[in-house]
Amino acid sequence: MASTRREEILFHAAKLFSERGVAGTTVRDIADEVGILSGSLYHYFGSKDAIVFEIVIAFVDDLNERYEAAQVPGETGRERLDHMVAVSFEAAADHPFATEIYQNESALSSQPEDSPISAAVRRAHDYWAEAIARGVESGEFRTDIDQQHFHRMLRESVWSTVRFNRASLARDAERLRHDLIAVFLDGFAAGGPAGSASAKAAPGPVRRTEVEERAAAAVAPVVSAAAESEYDDLRRDVRELKEAIRELRLLREN
């Protein structure tokens with residue numbers, strides 16, 4: 001389906017805002033990117049701020065709708081967070097640069113409490129907080145980690161991942177989702193090594209399984225050989241450097 005002129009304006013404006021900032025982008029810049037006269041742009045939007053508002057609120061509203069639709073009755077806290085990360089990436093891909101704009105613009109993140117953007121963002125945060133609280137209450141997640149801190153770290157990591165993988169987000173979303181969930185929740189699970197009662201009482205060395213021992217034994221010679229090769233290269237480089245210094249001194253003396 002062909003995009004409308006309004007959608008073209010929003011897309012090009014979002015890209016410029018994310019690259020230059022809202023203050024560094026003029027209405028003329030946006031019009032030039034779209035291929036229209038500056039005055040024509042006001043036929044679609046009353047101001048540059050109106051464009052910014054629509055980009056952000058459309059993204060957050062859509063995100064909340066996806067969070068709501070992704071909830072499954074009876075699911076675990078981990079399953080809910082997994083679904084939320086997945087739909088966050090989907091929404092970010094469908095609303096290019098919106099999350100970067102919100103994060104970059106302090107005026108947006110410090111809106112009045114009763115503003116539409118603030119209300120929508122609070123609603124989005126509530127979905128994360130509820131999923132984490134569900135896991136803690138059921139004993140699935142640890143109780144010795146502050147829920148709000150974990151909430152903030154996970155949520156910010158999701159949007160940082162979007163920012164740093166913008167070009168490949170649609171293609172790599174599944175891998176990125178897996179990595180985030182594995183890193184955060186495998187270290188947050190109540191039954192994991194870090195959260196178990198025995199681990200807290202006696203944080204001694206963890207015994208490796210027979211398979212792990214065999215794998216370590218197989219890898220050790222390779223690692224050792226690689227390290228030795230690197231040392232050899234380093235020694236050779238040092239010798240060559242010394243020779244070069246010696247030659248320079250001889251040239252100066254002569």
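So, W128: at 1% relative accessibility, this tryptophan counts as buried. One thing to say up front is that we're looking at a predicted model. W128 lies in helix α8, residues 116–137, and I'd like to start with that helix and work outwards.

Okay, α8. The helix has 22 residues and reaches 31 Å from its first C-alpha to its last, which is close to the 32 Å expected at 1.5 Å a residue. W128 has plenty of buried company in α8, including I117, A120, V121, A124, Y127, A131 and I132. Now, an α-helix has 3.6 residues a turn, so residues three or four places apart point the same way. Keep that in mind when you look down the list of buried positions, with A120, A124, Y127 and A131 among them. And what do the buried residues of α8 pack against? They pack against α4, α5, α6, α7 and α9, with α7 being residues 106–109. Just after α8, G139 takes a positive phi of about 85 degrees.

Right, aromatics. The count comes to five aromatic pairs, and I'll show you two. In one, the rings of F59 and W159 have their centres 5.7 Å apart, and their planes are at 80 degrees, so we call this pair edge-to-face. F59 sits in helix α4, residues 48–70, and W159 in helix α9, residues 147–164, so to speak a link between distant parts of the chain, 100 residues apart. Are they buried or exposed? Both F59 and W159 are buried.

The other one brings us back to W128. Its ring pairs with Y67: the centres are 5.9 Å apart and the planes at 80 degrees, so again that's edge-to-face. Y67 lies in α4 and W128 in α8, so the pair ties together parts that are 61 residues apart in sequence. Y67 is buried too, with a relative accessible area of 1%. And there's a third ring to mention, because Y67, Y127 and W128 form one aromatic cluster.

Last stop, F97. You'll find F97 in the loop between α5, residues 77–94, and α6, residues 98–104. Which charged residue sits over the ring of F97? That's R166, with its charged end 5.2 Å from the ring centre. F97 has a relative accessibility of 14%, so this residue counts as buried. Check the backbone there as well: phi of F97 is near 75 degrees, a positive value in a residue other than glycine.

That's my tour, happy to take questions.

Definitions and conventions:
Residues numbered from 1 in each chain as written. Predicted model: local features only at pLDDT ≥ 70, side-chain atom pairs only at ≥ 80, totals over all residues. Heavy atoms only, no water. Phe/Tyr/Trp six-rings, centres within 6.5 Å; stacked < 30°, edge-to-face > 60°. Helix = DSSP H or I, 4+ residues; strand = E, 2+ residues; numbered from the N terminus. Buried < 20%, exposed > 50% of the residue type's maximum accessible area, 1.4 Å probe, protein only. Lys NZ or Arg CZ within 6 Å of the ring centre and 35° of its normal. Expected span 1.5 Å × (residues − 1). Contact = heavy atoms within 4.5 Å.
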